[in-house]
Amino acid sequence: MNTSTSLASSPATLDLGIGGMTCASCVSRVEKALKKVPGVSDAAVNLATESARVSFAPSEQIEARLRRAVRDAGYEPRAADALEQQEDASPWAGFAPVAIGLALSLPLVVPMLGDLAGKHWMLPAWAQFLLATPVQFILGSRFYKAGWFALKALTGNMDLLVAIGTTSGWALSMWLWLSAESGAMVHLYFEASAVVVTLVLLGKWLEARAKRQTTAAIRALHALRPDVAHLIGLDGEIDVPVAEVLVGDKLVVRPGERFPVDGILLEGHTQVDESMLTGEPLPVAKDAGAKLTGGSINGEGRVVLQVGAVGSETVLAHIIHLVEDAQAAKAPIQRLVDQVSAVFVPVVLVIALLTLLGWLWAGASAESAIIHAVAVLVIACPCALGLATPAAIMAGTGVAAKHGILIKDAQALELAHKVDTVAFDKTGTLTVGQPRLTAFEVVPDQDEARLLAAAASLQSGSEHPLARAVVQAAQARQLAVEAPDNVRAVPGRGSEGELGVTSYLIGSLRWMEELGVGLGALAPRATALQAQGATVSAMVERTTQGLTLRGLLAFGDEPKPGAKEALAALRARGIRTVMISGDNRGAAETMARRLGLRPDEGEVLAEVLPGDKAAMVARLKEGGHTVAMVGDGVNDAPALAAADVGMAMGNGTDVAMHAAGITLMRGDPLLVAAALDVSDRTVAKIRQNLFWAFIYNVAGIPLAALGYLNPVIAGAAMAMSSVSVMSNALLLRRWRPKAGKV
């Protein structure tokens, strides 16, 4: 992630890397320290990414104050992208301290194994001391440092538990050694302290390796950006850093190279591999005028593109930002973990003290009582608790992005698995969204070609799909299209304008009804066209006698490939599907039946004005239903925001994508079920991780307190708890959308 502040916006946000955190208690402590900085409104710390996202009111030196707060809390402020910079790190990076710990601890453990075989290989006390002490105080110095800062802040963390527990074992061994009679063989516990420190270091190293794997999705996206672009300058083609490319520049992209930025294809023809951006495995044909996306791979042709967006404005930069946001965010379920971790370490210290006193009261030796208390301290470390949720979210959002599903925040990810109703916008979402003019009926004695040319002229400045269909129909007949005057759009109804001295209106039949325009002899034809599934509009002329009907325009659209299968897949999951359309009921229901929807069961909401879509979503939410809204247009944005989970088609508008919690990069309806499926899997992993994290402590602490676990076994169990949580989360990387089913 990149550290970013914006003084123009309020509140601003900043991403800050944090080193030295080891458990959920550390997360809680850093958050408290950051929230105490004047001007900070919120701070969310993520153990898996070792970063914090801070919201604050812009002020001078705020970043320095935040860094100082982190350092004063006992942690190391870093660049927010430090974790991603480990891209080329060796799989064995950071293993040296673990290797030294293993080498020094092994001679201490071997005599224990020999005892099981009846062999007496016990090392002299001085040898055990020389082997264990460097492990305890040199390799284990990180635990003392972090534990000391926790004590100063009157809080606790994993390091404090490890430091107290292992030091107790080491000190007990020293006391037993020094107080023993000369020449006596006493059982010492140097091996327990050394092995626990080594096992914890091993667990943290395995955890760090797993973290690098969870950030693989972000690193893969960063790797899509080439460093150099071939610029067509005054002196011909030259290579320049991508950072120096400007909007409007012309770039050459050779076969097999990645497009460095977004732009428009000016010259050439090629096939483009967009799989890393959209998840679409097949290359996409591109001709002159086509949009090109930075990061995609050019096929066989040498092409020239004109730069349309650079830097943070490119599609790839937006994707990276969305994935980073999702991985940095906290899921609502994490609040439970935060509440538990705030009191966890103090409670464990009390339990350890009670264990010590309880064994002494029961008549056990001080040696035995201390060892049982040490086992409680060691097994109780809440590392896994802090990793359970963020590790699963990072893995889930990463694999989703790989398959063209961008999840904007953790809340959308967690809510999506509860969805029981999915509402779809019709045009552009379930249908191709490129309607064509299928019929143009004029009243008797009118010139059909002249009226079609007039209709196309009136619509020539509009980007509405129906308007473009009229213009394309006129151009196909080589009719002259003129520039209209005084054009006015009437939202949700139509438009009006002037051609010379003649004024025309084109719009929906409902608008005509509101204006009092009758269809006359064309009424039966309008009914027949609607029954066939066409969207029917009327064209009227403003005359001295009022508004006079001149003709009817019928538009047809086709279902989007995969839309019918997508709806069937959702129904198979027990999810109710609904189509929301502004079309008349006849046209909407005809298309719905082609898609496999059941209008008689309320699965079609027709004649809905754009401004009313949000109200329709609110109505669907009544009765406690969790609703997802899928759309692609500007007029879908309020409905996307009103839904529990908004899903925007990636082929739609930026407004829709910003309003949605999830963006489907391919615009494929089948990805809706895939998004719900990856949410199901991720939430399941979160719950599994939390279960195992809690069960290690809930089961382990009583066993240790009752004397069934020694410190070495407790240390191994604690280390394995973190590793198992991370490994379980990484299983999400194997997730794949089920083609045709989800």
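Okay, quick definition before anything else: when I say helix or strand, I mean a DSSP run, at least four residues for a helix and at least two for a strand, numbered from the N terminus. And please keep in mind that what you see above is a predicted model.

With that in hand, how many helices and strands does the protein have? The secondary structure comes to 26 helices and 26 strands. There are 742 residues, and 52% of them count as buried. Now look at contacts between residues with a separation of 6 or more: residues 24 or more positions apart account for 70% of those. As for the outside, the protein exposes about 32,100 Å², and carbon and sulfur atoms supply 58% of that area.

Let's go to the start of the chain. Here we've got an open sheet of four strands, in the order β2-β3-β1-β4, with antiparallel pairing. Which strands sit at the edges? Those are β2, residues 40-46, and β4, residues 76-78, and each of them pairs on one side only. On average, neighbouring strands in this sheet are turned by 30° against each other, if you ignore direction.

Zoom in on one pairing. Strand β1, residues 12-19, and strand β3, residues 51-56, run antiparallel to each other and share six bridges. If you want a spot to click on, try Thr13, which stands opposite Ser55 in β3. Then there's helix α1, residues 24-35, which lies across β1, β2 and β3. Its angle to β2 is about 160°.

Moving along to the surface, Leu106, Val110 and Trp121 make a nonpolar patch of about 290 Å². Leu106 belongs to helix α3, residues 96-116. Is Leu106 buried or exposed? It has a relative accessible area of 52%, and the cut-off for exposed is over 50%, so Leu106 counts as exposed.

Okay, charges. Side chains of opposite charge can pair when their charged atoms come close. A search of the whole structure here finds 24 salt bridges. I'll show you three of them.

The first example is Arg71 with Glu76, whose side chains meet at 3.2 Å, N to O. Arg71 has 41% relative accessibility, so it counts as partly exposed. Glu76 is partly exposed too, with a relative accessible area of 35%.

Next up, Lys613 and Asp425, where the N to O distance is 2.8 Å. Where do these two sit in the chain? Lys613 is in helix α22, residues 613-620, while Asp425 is in strand β15, residues 421-425. That puts them 188 residues apart, and the salt bridge links distant parts of the chain. Both Lys613 and Asp425 are buried.

My last pair is Arg593 and Glu589, with the closest N and O atoms 3.9 Å apart. Both lie in helix α21, residues 585-594, and they're four residues apart, about one turn of the helix. Glu589 is at 17% relative accessibility, and buried means under 20%, so Glu589 counts as buried.

One more thing on charges: salt bridges can share partners, and here they join Arg571, Arg598, Glu601 and Glu603 into one network.

So, what to look for when you spin the model yourselves? Find helix α1 lying across β1, β2 and β3, then the patch with Leu106, Val110 and Trp121, and then the buried pair, Lys613 and Asp425. That's me done, thanks!

Conventions
Residues are numbered from 1 along each chain as its sequence is written. This is a predicted model: local features need pLDDT of at least 70, side-chain atom pairs count only at pLDDT 80 or more; totals for chains, interfaces and linings use all residues. Side-chain values use heavy atoms; hydrogens and water are left out. Buried means under 20% relative accessible area, exposed over 50%, partly exposed in between (1.4 Å probe, protein chains only). Contact means heavy atoms within 4.5 Å. Accessible areas come from the Shrake-Rupley method with a 1.4 Å probe; for residues, only the protein chains shown count as cover. Patches are made of residues with over 30% relative accessible area and no salt bridge: like charges are joined within 9 Å, nonpolar side chains (Val, Leu, Ile, Met, Phe, Trp, Tyr) within 5 Å. A salt bridge is a side-chain nitrogen of Lys or Arg within 4 Å of a carboxyl oxygen of Asp or Glu. Two strands pair if DSSP finds at least two bridges between them. Axes are lines fitted to C-alpha atoms, for helices over the stretch in contact, and angles run from 0 to 180 degrees between N-to-C directions.
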